[in-house]
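Work through the exercises below with the structure open beside you. Try each task before reading its solution.

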Amino acid sequence: MSLHRSSLQPAVHAGDHTAGAADAPVTLVEYGDFQCPHCARAHPVVQEIQRRMGDRLRFVFRNFPLTEVHPFAGHAAEASESVAERAGSAAYWAMNHQLFAHQADSSRALADRHLAEYAATSGASGEEVLADIAAGRFTERVASDFMSGVKSGVNGTPTFFIHGERFDGNWGDVDEFAAALEDAASSPEAAR
Amino acid sequence: MHEFRGAPLILAFYPADWSPVCGDQMTLYNQVLPEFRRLRATILGISVDGAWCHSAFSSQRNLHFPLLADFEPKGATAQAYGVYRAHEGTTERALFVIDAEGIIRWSYVSPVGVNPGADGILQALEALGTPPGAPATTDGKGKAR
């Protein structure tokens, strides 16, 4: 049987959505799907860890929409990309939060007209975001995120990488997750 | 298996239908299907669940590739591949990449609780060097049987 290890590729780059200090001792990368309930459950866990670790954590979010089971996830990801390009990083993170916060409001909470509302709340133009979706401006970007996830060993959503290695522990337990990140932060030489 | 000769085949043993996460292994492979097809590969999922169970699971997850039922005699196929867990009565989480001539070129057994993802499969398919582009001769359409 072959040896096999899953690690992040490509490494975090300028095109990624990042939050936190660029020189933070640990980087956490999430591959997520805005219609995935587990990702919505992970969202406040990540926020809590960001609060605890402050500048010692850099967080990166990449798209991994499972559109065969989550029909709204593709447009939601494209909407977030549109917000980022049109209104900047702060607006992107506001949109990321809006999408997870509203995901379970109804079965159509991520339908296009609601995406426009969340985009407007996040500081972008809802109409422009919908036009971008209709034109497919960000489909390639989202597909590229998805394939990078597949090649990195993403095995479902959410999948997290710490220092570029897939984290197979329990992200649902904030203390366990934070401890893994603290360990990684104190051994930055392990960074790859 | 000889009917799949002529193009790469991915055989994915997994413990059971209905694992309680949305990004489960078969859902992932379903989403990666276009990439498998670009590499001319056909994928088959296989577990000890019965055909009707597979049919319901496949329909609910919108799967576009077949699931095989290693149901009677139970686990016989898994045993032939050396990946049956007799104690649990399920298969391992095991992946096989079989080339166009029917030779196993790559295999991997994941810890049973860890979904292995698709990266190893893609690396193995790329290593086969099958020219991408043309669709596989067997396109994998169909339901549980």
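The exercises that follow go from the contact between chains to a helix, a sheet and two single residues.

This is a predicted model, in which local features need pLDDT of at least 70, side-chain atom pairs count only at pLDDT 80 or more, and totals for chains, interfaces and linings use all residues. Residues are numbered from 1 along each chain as its sequence is written, while chains are lettered from A and ligands numbered from 1 in the order in which they are written.

**Exercise 1. Describe the side of chain B that touches chain A.**

Step 1. Two residues are in contact if their C-beta atoms, placed from the backbone, lie within 7 Å. By this rule 24 residues of chain B and 19 residues of chain A take part.

Step 2. In chain B, two or more residues each come from helix 1 (25-38), strand 7 (104-110) and helix 4 (119-128). Helices (H or I, at least four residues) and strands (E, at least two) are DSSP runs, numbered from the N terminus. Helix 1 of chain B gives the most, 6 residues.

Step 3. Sorted by type, the chain B side has 11 nonpolar, 9 polar and 4 charged residues. Here Ala, Val, Leu, Ile, Met, Phe, Trp, Tyr, Cys and Pro count as nonpolar, Asp, Glu, Lys and Arg as charged, and the others, Gly among them, as polar.

**Exercise 2. Find how many residues of helix 1 of chain B are buried, and what they pack against.**

Step 1. A residue is buried if 20 or more other C-beta atoms lie within 10 Å of its own, exposed if 12 or fewer, and partly exposed in between, with C-beta atoms placed from the backbone.

Step 2. Of the 14 residues in helix 1 of chain B, 10 are buried, so the helix is largely enclosed by the rest of the structure. Among them are B:Leu28, B:Val32 and B:Phe36.

Step 3. The buried residues of this helix pack against helix 6 (139-152) of chain A, and also against strand 1 and strand 2 (42-47) of chain B.

Step 4. Just after helix 1 of chain B, B:Arg40 has a positive phi of about 65°.

**Exercise 3. Lay out the sheet of chain B.**

Step 1. Two strands pair if DSSP finds at least two bridges between them. In chain B, 5 strands form an open sheet in the order 3-2-1-6-7, with mixed pairing.

Step 2. Strand 3 (67-69) and strand 7 of chain B are at the edges with a single partner strand each, so one side of each has no neighbour in the sheet.

Step 3. Strand 6 (residues 93-98) and strand 7 of chain B run antiparallel and are joined by 6 bridges. Across this pair, B:Ile98 stands opposite B:Ile104.

**Exercise 4. Is A:Gly74 buried or exposed, and which class does B:Ala16 fall into?**

Step 1. A:Gly74 is found in helix 2 (residues 73-87) of chain A. With 23 other C-beta atoms within 10 Å, A:Gly74 is buried.

Step 2. Beyond its neighbours within four places in sequence, A:Gly74 is in contact with A:Pro65, A:Thr67 and A:Val142.

Step 3. B:Ala16 lies in the loop between strand 1 (9-13) and helix 1 of chain B. B:Ala16 counts as partly exposed because it has 15 C-beta neighbours inside 10 Å.

Step 4. Again leaving aside neighbours within four places in sequence, B:Ala16 is in contact with B:Ser47, B:Asp49 and B:Thr90. B:Leu67 is 51 residues from B:Ala16 in sequence and 11 Å away in space, C-alpha to C-alpha.
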